[in-house]
Amino acid sequence: MDYVFVKDSEGYVFKKLKSEVTADEKIITEKEYMKRSGLAFYQKEFEHGGARENAGRKQKFGSPLKFQIRVTQEEKDFIAYAREHHLSYSSMMK
């Protein structure tokens, strides 16, 4: 099985059988494939002993600043109304 590296008309690169290459795909070198796919970066990065130090995801603050909830349009309108008129939920509950 003879594999080649190809780039399609939209610029995407992939490896496929030479017999499956279509007319709109261009055969490229392995070096260009590695560069365009981003695999060259990972290969170079991990040759030096893995990911860089402290590369993990970190939480910036103790509590999230923004969160999302799913609400109906009626609830969304009420929340907008309450914000416009500066309604305090805690004072209303007393």
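**A chat about a small core**

Modeller: Welcome! In this predicted model, the largest nonpolar core is made up of five residues: Phe5, Val13, Ile28, Tyr33 and Met34.

Biologist: Is isoleucine 28 buried or exposed?

Modeller: Let's compare its value with the cut-off. A residue counts as buried when its relative accessible area is under 20%. Isoleucine 28 has 8% relative accessibility, so this residue counts as buried.

Biologist: Which strand holds isoleucine 28?

Modeller: Start with the whole chain, which has four helices and three strands. Along the sequence, their pattern reads β-β-β-α-α-α-α. Isoleucine 28 has its place within residues 26–28, and that strand is S3.

Biologist: How far apart in space are isoleucine 28 and phenylalanine 5?

Modeller: In sequence, 23 residues separate the two. Still, isoleucine 28 touches Phe5, along with Val6, Lys7, Val13 and Tyr33, when residues up to four places away in sequence are not counted. From C-alpha to C-alpha, the distance between isoleucine 28 and phenylalanine 5 is 5.5 Å.

Biologist: Which residues does tyrosine 33 touch, not counting those up to four places away in sequence?

Modeller: Think of the core first, since Tyr33 belongs to it together with Phe5, Val13, Ile28 and Met34. Leaving out residues up to four places away in sequence, the partners of tyrosine 33 are Phe5, Val13, Phe14, Lys15, Ile28 and Leu39.

Biologist: What share of the chain's residues count as buried?

Modeller: Here we look at the chain as a whole. Its accessible surface is about 9,200 Å², with 53% belonging to carbon and sulfur atoms. Among its 94 residues, the share that counts as buried is 15%.

How values were computed. Residues are numbered from 1 along each chain as its sequence is written. This is a predicted model: local features need pLDDT of at least 70, side-chain atom pairs count only at pLDDT 80 or more; totals for chains, interfaces and linings use all residues. Side-chain values use heavy atoms; hydrogens and water are left out. A nonpolar core is a set of buried Ala, Val, Leu, Ile, Met, Phe, Trp, Tyr and Cys residues joined through side-chain atoms within 4.5 Å. Buried means under 20% relative accessible area, exposed over 50%, partly exposed in between (1.4 Å probe, protein chains only). Contact means heavy atoms within 4.5 Å. Helices (H or I, at least four residues) and strands (E, at least two) are DSSP runs, numbered from the N terminus. Accessible areas come from the Shrake-Rupley method with a 1.4 Å probe; for residues, only the protein chains shown count as cover.
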